[in-house]
Amino acid sequence: MTSSLLRVLRTANAVSPFARGGLLSVPSFFNGWLTSELPLHAAALDTIASVRAIQRGALRSWPGRAAIVFNTATAMRLVRIHRDARQAGTIFRDAFTQELGAGFEQRIEASLRTSPEPFPLARLVQPFPMSRRSLCAESDIAYGEVGKRNRLDVWKRADVSVDGRAPVLIQVHGGAWMIGNKEQQGIPLLSHLTERGWVCVSINYRLSPRATWPDHIVDVKRAIAWTKANIGRFGGDPNFIAITGGSAGGHLSSLAALSANDARFQPGFEEVDTSVQAAVPMYGVYDFTNRDGTGRPDMQRMLEEKVFKTKFDADREAWDVASTMSRIHADAPPFLVVHGANDSLVPVEQARSFVDMLRKESPQPVVYAELPGAQHAFDVFWSPRTHATVFAIEQFLNLVRTEVGQRA
C-alpha cells in the first residue's frame, strides 16, 4: 500500500509540481522530470508491480485490492501524460503561427523545408541519446587557455564537405553556473541537426565557485570568436551562427545574443565580432534582479556566495548588466524561447515577461512556445516532446537562414 501511495504522489507531482520554490523544488523537479518525460516507462513499472502483487495474493485483502486500484489509476494517468506530451508539435505550430502568421512555412526556402516525422518506436524504447560518439567529429578542442573548461566539441556528418557552407549551432550547457559539461546536454538537438547537415559546437566554460562572474559569459564569447575564426575548416559557415542552451545555458546563450561586441565581456578580444544570427534559449534565467517579481528570491544567496561573490545590494550594476532583460535592444537577432509550464526550478513567468519585453523592442521574430506538462530540462531525453522541440528549432532556424540569405 505504501509504495502505491508513493506512486500516486509521484504522478500527481508530474501533473502539477508540489513546489516551485525553496528546497522542495529540487526533489519536485527530479521526480517530475523523469515521470513527465518517461511516463510510459513509469506506467510499465506500475503495471509490473500490480501483476507481482496479484501473484502474491494482493486481491485477498482490502489493502492489496486498494493498492491494485491505485497502481492501475496511476498507470492510466501516466498514459494520458504521454498522450498530452504528443501535442507539443501543435503547441509549437500555434506559437509559430501567432508570431509569424499563417503559412509561415512558405517563407522558408523550398530546399530547407522539412515535414515532422512520427516519433520513432526505437526512441520510445531507448530514450537516452547515444549519438555523441558517432557524430562528434573532433572533441576537446582548446578555444581558450583555461584547460578543460575552455574545450569544445565539433559535431558534423562525415560527408559534410570542408569546402561547404553548413549552418552552425553553438550549444551552451546548463547547471546553475556551477556544474555540467558539454557531453551531458543538448544531445537530441545536436544529433538531429548534425544529421540534417549542420555543423554543431558544444562548449565547456568556467564554473563557479572557482570561477567568478563574468568568467562564464567571457568564455561563451571566446567560444563564439573561435567558432567564427575556425569553423570553416569543418565546413561550417561563420556567417550563420545560432546559439542555444538550457537553464544557465539559456541565460548565457540569450545574454551572448543580446550583448554582441560588449567589451566588458570580451577582455583581450574587444575588437572581435561576437554577434550571432539567432538565439534559442530554453527554460532560461533572464534576470538576476527580480525586477518584476518573476524570479526566485531564494536564488540570490546562492548567486552572492558562489557566482558573483558580491552582495546584490552592494553591486547592483554588475548584477543588472549580467541580466538578459537589461540587454534588450532593437537590433536583437531573432529569438525562439521555449519553457515548460511545469518548471519547478525556473519560473515560467520570467520567460513570459522576457518575451513581452523583447517583443516591444525587437522588430525581429520572437517566437514563444510554452509547453504544458514540461519540466525543467525536459529535452535531455528523447521523448515525444523533445522530438517535437528539435523539429521546431530546425524549422525556426531554417526560416531565419532563408531571411538572412535574402537580406545578404
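The exercises below, each with a worked solution, concern the cavities, the pockets, one loop residue and one strand of this predicted model.

**Exercise 1. Describe the largest cavity, its lining and the element that gives the most to that lining.**

Solution. Begin with the count: the structure holds three cavities of 30 Å³ or more, and the largest cavity has a volume of about 60 Å³. Next, read off the lining, which is made up of Gln171, Gln185, Gly186, Leu189, Thr244, Gly245, Gly246, Met282, Tyr283 and Asp379. Then assign these residues to elements: strand β5, spanning residues 236-246, gives the most, with three residues. Finally, sort the lining by class, which yields three nonpolar residues, six polar residues and one charged residue.

**Exercise 2. Characterise the largest pocket by its volume, its lining and the elements that give two or more residues to it.**

Solution. The volume comes to about 960 Å³ for the largest pocket, and 34 residues line this pocket, with Val26, Gly175, Ala176, Ser247 and Leu345 lying nearest its centre. The elements that give two or more residues to this lining are α2 (25-37) and α11 (299-307). As a last step, the lining of the largest pocket is divided by class into 17 nonpolar, twelve polar and five charged residues.

**Exercise 3. Carry out the analysis for the second largest pocket, and determine which element gives the most to its lining.**

Solution. The second largest pocket has a volume of about 530 Å³, and its lining consists of 27 residues, of which Pro116, Glu117, His387, Ala388 and Phe391 lie nearest the centre. Two or more residues of this lining come from each of α5 (88-100), α8 (187-195) and α14 (384-407). Of the elements, α14 gives the most, with seven residues. Sorted by class, the lining of the second largest pocket has 15 nonpolar, five polar and seven charged residues.

**Exercise 4. Locate Thr274, decide whether Thr274 is buried or exposed, and list its contacts beyond its neighbours in sequence.**

Solution. Thr274 is found in the loop between α10 (248-258) and β6 (278-282). Its relative accessible area is 0%, and because the cut-off for buried is under 20%, Thr274 counts as buried. Turning to the side chain, a polar contact of 2.5 Å joins Thr274 to the side chain of Gln266. Once the neighbours within four places in sequence are set aside, Thr274 is in contact with Lys221, Ile224, Lys228, Ala260, Asn261, Gln266 and Phe269, so that Gln266 appears both in this list and as the partner in the polar contact.

**Exercise 5. Explain why strand β7 is described as largely enclosed, and identify the strands to which bridges join β7.**

Solution. First consider burial: six of the six residues of β7 (residues 335-340) are buried, and the strand is therefore largely enclosed by the rest of the structure. Next consider the two directions of its residues. In a regular strand, side chains alternate between the two faces of the sheet. In β7, Phe335, Val337 and His339 point one way, while Leu336, Val338 and Gly340 point the other way, and all are buried.

Then turn to the pairing. Two bridges join β6 to β7, and these strands run parallel; Ala279 has Phe335 of β7 as its bridge partner. Six bridges join β7 to strand β8 (residues 366-371), again in a parallel arrangement, and here Phe335 stands opposite Val366. Phe335 thus takes part in the pairing with Ala279 and also faces Val366 in β8.

Technical notes
Residues numbered from 1 in each chain as written. Predicted model: local features only at pLDDT ≥ 70, side-chain atom pairs only at ≥ 80, totals over all residues. Heavy atoms only, no water. 1 Å grid on protein atoms, 1.4 Å probe; cavity = no way out; pocket = protein on both sides within 12 Å on 5 of 7 lines; lining within 4 Å. Points joined across faces, edges and corners; volume = space filled by probe spheres on them. Helix = DSSP H or I, 4+ residues; strand = E, 2+ residues; numbered from the N terminus. Nonpolar A, V, L, I, M, F, W, Y, C, P; charged D, E, K, R; others polar. Buried < 20%, exposed > 50% of the residue type's maximum accessible area, 1.4 Å probe, protein only. Polar contact = N/O pair within 3.5 Å; in protein donor to acceptor, adjacent residues only side chain to side chain. Contact = heavy atoms within 4.5 Å. Pairing = 2+ DSSP bridges.
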